[in-house]
Amino acid sequence: MKKILLVCILLTAFMSCKKDVKTQTLYLAHTLPQTHPVHKGIVEFKKALNKKSGGTMDVKIFPDGQLGSEREVLELLQIGSVAITKVSAATLSNFVPEYHVLGIPYLFRDKDHQFEVLEGEVGKSILEKGSKFWLRGLGYYDAGSRSFYTSTKPIRTPDDLKGLKIRVMNNQMAINMVNALGGSATPMAYGELYTAIQQGVVDGAENNPPSFVSSNHYEVSKYYTLDQHSSVPDVLLIGTKYWDKLSEEEKQWVQEAADESSQAQKRFWNESVEESMAIARKAGVEIIIPEKSLFQEKSKSVLEAFLKEHPEMTDLINKIKNQ
């Protein structure tokens with residue numbers, strides 16, 4: 001009886017102490033749907049951080065653009081209203097110049113080369129560059145390779161892009177690339193794209209397979225050309241206004257959770273690519289495997305123009321190519 005009473009007292013004391021432990025909640029906003037492999041990677045980040053912190057740190061996720069566009073959420077990070085976000089490196093390049101480099105057409109030889117760079121010293125140095133803009137990089141997520149899809153006619157060579165309006169992100173590198181290949185680059189909000197293709201405002205766009213399918217663009221674009229012209233990663237970021245308030249131990253938990261989520265997300269991504277391609281084929285989308293060297297050769301002018309405008313990026317580009 002005395003043992004039972006002692007256990008009850010200890011349990012009561014434990015529960016009381018547990019109530020006194022304050023859980024800080026980090027708001028994390030992004031624009032992707034909850035079915036997307038990047039969102040699944042973010043869920044892994046939430047789980048890992050909660051576990052590492054013993055429940056003292058939690059993540060409240062706002063998907064589907066609930067708190068605004070990628071640019072808007074980045075601005076919320078800068079002022080400290082939101083702690084963490086995931087954005088495309090292309091969007092981030094408007095804030096941190098070094099991220100422009102990751103959008104150069106055919107910069108990476110293959111996926112192994114890409115993540116050897118991103119997870120090595122070069123990739124980490126780029127993540128750190130954002131701190132002076134109040135945006136500290138935590139890691140990269142796989143966003144696959146971007147390829148063209150169209151509604152009016154198939155693209156088999158760069159010449160087939162002539163006269164076609166191709167939606168791109170509002171990013172100068174993407175605009176220059178499409179124009180160099182012979183198309184007419186048309187910046188447009190992603191949320192407007194389905195209707196724009198359907199109504200013929202644009203003839204097509206460019207994106208990776210999971211986004212092509214999750215956005216339902218495969219319903220209005222029946223040609224998908226796997227030219228894989230760029231491999232722009234997504235970036236997981238924390239605002240420095242929030243980061244600087246964390247203890248050294250909390251910073252370690254956040255970074256370790258980010259690293260673990262990045263590895264999990266790559267597995268989710270590969271699974272999603274296979275599923276997405278199967279859905280597209282079943283829906284009658286013609287999958288075209290072009291001669292990539294034709295696109296690679298014609299897009300060289302994009303790198304030349306970039307280096308002419310940003311000669312200070314030469315060393316960074318050479319380090320990536322030589323790795």
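Okay, let's start with one residue: Tyr224 is buried, at 0% relative accessibility. Keep in mind that what you see here is a predicted model.

So what does Tyr224 pair with? Its ring partner is Phe212, with the ring centres 4.5 Å apart and the planes at 35°, so this pair counts as tilted. Phe212 is buried too, with a relative accessible area of 0%. If you trace the chain, Phe212 belongs to helix H9, residues 209-214, while Tyr224 is in strand E9, residues 223-230. That puts the two 12 residues apart, and the pair links distant parts of the chain. There's a third ring here as well: Tyr149 joins Phe212 and Tyr224 in one aromatic cluster.

How many aromatic pairs does the structure hold? We get 4. Let me show you another one, Tyr27 with Phe62, which is edge-to-face. The centres are 5.2 Å apart and there's 65° between the planes. Again the pair bridges distant parts of the chain, from Tyr27 in strand E1 (residues 24-29) to Phe62 in strand E2 (residues 57-62), 35 residues apart. Are these two buried or exposed? Tyr27 is partly exposed, because its relative accessibility is 41%, and that falls between the 20% and 50% cut-offs. Phe62 comes in at 15%, so this one is buried.

While we're on rings, two of them have a charge sitting over them. Arg136 lies over the face of Trp243, 4.2 Å from the ring centre. And over Phe115 you'll find the charged end of Lys266, at 4.6 Å from the centre of that ring.

Now the inside. The largest nonpolar core has 52 residues, and the ones with the most contacts within it are Leu92, Tyr99 and Val101. Which helix gives the most to this core? That's helix H7, residues 172-180, with 5 residues. There is another core apart from it, made of 25 residues, including Leu32 and Tyr242. Going back to Leu92, if we skip residues up to four places away in sequence, this leucine touches Leu74, Val87, Tyr99, Leu135, Val235 and Leu237.

Next, empty space. The largest pocket holds about 860 Å³. It's lined by 30 residues, and closest to its centre are Thr31, Glu70, Thr91, Arg167 and Tyr190. Where does the lining come from? Helix H3 (70-79), strand E3 (84-88), helix H4 (89-92) and H9 each give at least two residues. H3 has the largest share, with 3. And yes, H9 is the helix we met earlier, the one with Phe212.

There's a closed space too. Searching the whole structure turns up 1 cavity of 30 Å³ or more. The largest cavity has about 120 Å³ of space. Of its 17 lining residues, Gly103, Asn171, Met173, Ala174 and Val232 are the closest to the centre. H4 and H7 each supply at least two residues of that lining, and the largest share, 3 residues, is from H7. So H7 shows up twice in this talk, because that helix also gives the most to the largest core.

One last stop, Ser301. You'll find this serine in helix H13, residues 300-309. Ser301 is partly exposed, with 36% relative accessible area. Now look across to Glu256: that's 45 residues from Ser301 along the chain, and their C-alpha atoms are 40 Å apart. That's my tour, thanks.

Conventions: Residues numbered from 1 in each chain as written. Predicted model: local features only at pLDDT ≥ 70, side-chain atom pairs only at ≥ 80, totals over all residues. Heavy atoms only, no water. Helix = DSSP H or I, 4+ residues; strand = E, 2+ residues; numbered from the N terminus. Buried < 20%, exposed > 50% of the residue type's maximum accessible area, 1.4 Å probe, protein only. Core = buried A, V, L, I, M, F, W, Y, C linked by side-chain atoms within 4.5 Å. Contact = heavy atoms within 4.5 Å. Phe/Tyr/Trp six-rings, centres within 6.5 Å; stacked < 30°, edge-to-face > 60°. Lys NZ or Arg CZ within 6 Å of the ring centre and 35° of its normal. 1 Å grid on protein atoms, 1.4 Å probe; cavity = no way out; pocket = protein on both sides within 12 Å on 5 of 7 lines; lining within 4 Å. Points joined across faces, edges and corners; volume = space filled by probe spheres on them.
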